[in-house]
Amino acid sequence: MKRLSIIIPALDEAACIAATLESLGELRRRGHEVIVADGGSSDATVSIARGIADLVIVSAPGRAEQMNAGAGAATGDVLLFLHADSRLPRESDRLVLQGLAAGGAAWGRFDVQIAGARVLLRLVESSMNMRSRLTHICTGDQGIFVRREAFEAVGGYPRQALMEDIAISVRLRRVSAPLCLRARCLTSARRWESGGVLRTIVLMWWLRLQYACGVAPARLARAYTRRGH
């Protein structure tokens, strides 16, 4: 049976990393591996993860750097990148492996569901799912998965400070269209709630527009951080 390597980039995620890793216990019991790629946490993230994950590595900070490091240490046939505050749907291994085998796609993602009851969050998740189906651009919140050989063929995640998920989607869609699974990956609403849902929506669209116009990811990352994200 083909195996998944679930790679979780983390930085100061002590508050949520245990729950995320525990939610992956059944997948580990079925033979899949879980790797935490830490970017230099100053809290207890690493010590907590070492008791639950198959492997914990420490890499240079930056989501792209961490995910590439995790991929380099992985042994699975399919790499699945999961945020530290997200939960995979049930039977995610079967959905991914059978879906890739049946359709011949090299990569894909789940639909996203954002935790919380606010109506605006339903709008956000619906627009994210629809947009990725139309554009073949996927986001990290959706749990991107990719065949190992395809990941290596495109050079992995571009080493940039922000929009790395958009950048690798552009690379991968040249290989194949993504497999867009209807099953939902549940992600925390903290990014939207910390800065205000509407303000965060506007900020993300503005950053995406600037990125499309050629603004350097490092500059966008500084703007993103200044706004408390």
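**Exercise 1. Determine which residue in β2 stands opposite Ile6, and describe the setting of strand β1.**

Step 1. Ile6 stands opposite Val34 in β2. Strands here are DSSP runs (E, at least two residues), and helices are runs of H or I with at least four residues, numbered from the N terminus. This is a predicted model, in which local features need pLDDT of at least 70 and side-chain atom pairs count only at pLDDT 80 or more, while totals for chains, interfaces and linings use all residues. Residues are numbered from 1 along each chain as its sequence is written, and side-chain values use heavy atoms, with hydrogens and water left out.

Step 2. Strand β2 covers residues 33-38, runs parallel to β1, and is joined to β1 by 6 bridges. Two strands pair if DSSP finds at least two bridges between them.

Step 3. Strand β4 (residues 78-81) also runs parallel to β1, with 4 bridges joining the two. Within β4, Leu79 is the bridge partner of Ser5.

Step 4. Of the 7 residues of β1 (residues 4-10), 7 are buried, where buried means under 20% relative accessible area, exposed over 50% and partly exposed in between (1.4 Å probe, protein chains only). Leu4, Ile6, Ile8 and Ala10 point one way, whereas Ser5, Ile7 and Pro9 point the other way.

**Exercise 2. Locate the two partners of the salt bridge between Arg30 and Asp93, and state how covered each one is.**

Step 1. The side chains of Arg30 and Asp93 meet at 2.9 Å, N to O. A salt bridge requires a side-chain nitrogen of Lys or Arg within 4 Å of a carboxyl oxygen of Asp or Glu.

Step 2. Arg30 lies in the loop between α2 (25-29) and β2, and Asp93 lies in helix α5 (residues 92-103), so the pair, 63 residues apart, links distant parts of the chain.

Step 3. Arg30 counts as partly exposed because its relative accessibility is 30%. Asp93 counts as buried because its value is 5%.

Step 4. Salt bridges that share partners join Glu26, Arg29, Arg30 and Asp93 into one network. The structure holds 15 salt bridges.

**Exercise 3. Explain how Glu152 and Arg148 are placed along helix α7.**

Step 1. Their side chains form a salt bridge, 3.5 Å from N to O.

Step 2. The two residues are 4 residues apart in helix α7 (residues 148-153), so they are separated by about one helical turn.

**Exercise 4. Identify the residues that line the largest cavity and sort them by kind.**

Step 1. A cavity is a set of points, on a 1 Å grid over the protein atoms alone, where a 1.4 Å probe fits but cannot get out; lining residues have an atom within 4 Å of a point. The structure holds 1 cavity of 30 Å³ or more, and the largest contains about 60 Å³ of space, the volume being the space filled by probe spheres set on the points, which are joined across faces, edges and corners.

Step 2. The lining consists of Arg63, Met67, Phe81, Leu82, His83, Gly140, Ile144, Tyr157, Glu164 and Asp165. Helices α4 (63-73) and α8 (164-172) each supply at least two of these residues.

Step 3. The lining divides into 5 nonpolar, 2 polar and 3 charged residues. Ala, Val, Leu, Ile, Met, Phe, Trp, Tyr, Cys and Pro count as nonpolar, Asp, Glu, Lys and Arg as charged, and the others, Gly among them, as polar.

Note on methods
1 Å grid on protein atoms, 1.4 Å probe; cavity = no way out; pocket = protein on both sides within 12 Å on 5 of 7 lines; lining within 4 Å.
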